[in-house]
Each structure stands twice: as structure tokens, then as C-alpha cells.
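This report looks at charged side-chain pairs and at enclosed space inside one protein chain. The sequence and the structure are shown first.

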Amino acid sequence: MEKYIEQHRIGCYRSDSHWEMRPESFLDMAQQIAVKGAQLLSFNDEALKALGCVWVLARMQVIFEKPVPFDKLVTLKTWHKGQCGPYFLRDYSLEQDGEEVVRSTSSWIVMNMESRRISRDEAVMKLLEVSAQSPDHAIETPCPKVM
């Protein structure tokens, strides 16, 4: 499977007073593209909802290699990296003019909406048996535990 890719223009509402992309703007774009990327796979929101579950973002690590200026056209990529313990890993890469300017990795859990606990239901686990979309790493190690 291929990475999911979108292009975005960094608008003024995503910029700070220095006309550079705000960190929270990247986080918003990353969360949105994660949803869209998962929609193409078997474990999309609708499939999980049918089993009484939902995706929950547990951890995220972002490295800004350089500032992203206002009004630049950027390419945002995401891909599923597989499972690590209870976490499902998804990476992101933001490129500007062919150069990677932001790298990110995230760890997600599947939560049962009724019990509010991590779901280990057999039907959910079967749904999640999907190999990684790409062997690439934006950040090689999974997100560290927040201390």
C-alpha cells in the first residue's frame, strides 16, 4: 500500500505573527490526514464504530527541521507503521519544495466507547490485522512515554 498524500497551502490562519506555520496547525493537519489515511484501510472510523470502539490519539512526537513560511504549498504524507504493544503507529512527513521540513510519529489506541478502556476484543483485533503501509520511518522510535 502507498502512503496517503495531500497538498496544503499554509494560510494566514495557520501562521503566527512571524508568518510561519504554528505548531498546532501541523497537529491539526496531522490528525485530519490520519483520519483520511485510516479511511482507506480496514480499520476506519465506521468499522470501529460498528464494534463500539473509537481511535484515541495517545502520544505524538513532532520535529520541526525548519520553519514553514506563510503561503507556501506543502505536501503532507502519512502512513500506518503497524502495531507496537497496545499502540498503533502512524508517521507523517511535511515537505516544502521537495525538502522534509517536519517529521512526526504518533501512537494511537483503540478504546471501547462504553467501558472507556483499551479494547482487546477479538473482533477488533481481527479488524486491525493490517500490515504496515510503508517500511519508512519519519521518526524511527515510537513516541516516548510522557514524564
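What follows describes a predicted model, taking its salt bridges first and its internal cavity afterwards.

**Salt bridges**

Side chains of opposite charge can pair when their charged atoms come close. In this model the count comes to eight salt bridges, and the table lists three among them.

| Salt bridge | Closest N to O distance |
|---|---|
| Lys3 and Asp136 | 2.6 Å |
| Lys36 and Glu6 | 3.0 Å |
| Lys72 and Asp97 | 3.4 Å |

The side chains of Lys3 and Asp136 meet with a nitrogen and an oxygen 2.6 Å apart. Because Lys3 lies in the segment before strand 1 (4-9) and Asp136 in the segment after helix 3 (122-127), this pair ties together parts that are 133 residues apart in sequence. Lys3 is partly exposed, its relative accessible area being 24%, and Asp136 is likewise partly exposed, with a value of 36%.

In the salt bridge between Lys36 and Glu6, the closest N and O atoms are 3.0 Å apart. Lys36 belongs to helix 1 (residues 23-39) and Glu6 to strand 1, so the contact ties together parts that are 30 residues apart in sequence. Lys36 is partly exposed, at a relative accessible area of 29%, whereas Glu6 is buried, at 12%, a value that falls under the 20% limit for burial.

The salt bridge between Asp97 and Lys72 has its closest N and O atoms 3.4 Å apart. Asp97 sits in the loop between strand 4 (87-96) and strand 5 (99-112), while Lys72 sits in the loop between strand 2 (53-64) and strand 3 (73-84), so this pair ties together parts that are 25 residues apart in sequence. Asp97 is exposed, with a relative accessible area of 63%, whereas Lys72 is partly exposed, with a relative accessible area of 29%.

**The cavity**

How many cavities of 30 Å³ or more does a search of the whole structure find? The search finds one, and the volume of the largest cavity is about 50 Å³. The residues that line the largest cavity are Gln83, Pro86, Phe88, Val110, Ile118, Ser119, Arg120 and Met125. Sorted by class, this lining has five nonpolar residues, two polar residues and one charged residue. Under the classes applied here, Pro, Phe, Val, Ile and Met count as nonpolar and Arg as charged, so the nonpolar part of the lining is made up of Pro86, Phe88, Val110, Ile118 and Met125, and its charged member is Arg120.

Terms used. Residues are numbered from 1 along each chain as its sequence is written. This is a predicted model: local features need pLDDT of at least 70, side-chain atom pairs count only at pLDDT 80 or more; totals for chains, interfaces and linings use all residues. Side-chain values use heavy atoms; hydrogens and water are left out. On a 1 Å grid over the protein atoms alone, a cavity is a set of points where a 1.4 Å probe fits but cannot get out, and a pocket is an open set with protein on both sides within 12 Å along at least five of seven lines; lining residues have an atom within 4 Å of a point. Grid points are joined across faces, edges and corners, and a volume is the space filled by probe spheres set on the points. A salt bridge is a side-chain nitrogen of Lys or Arg within 4 Å of a carboxyl oxygen of Asp or Glu. Helices (H or I, at least four residues) and strands (E, at least two) are DSSP runs, numbered from the N terminus. Buried means under 20% relative accessible area, exposed over 50%, partly exposed in between (1.4 Å probe, protein chains only).
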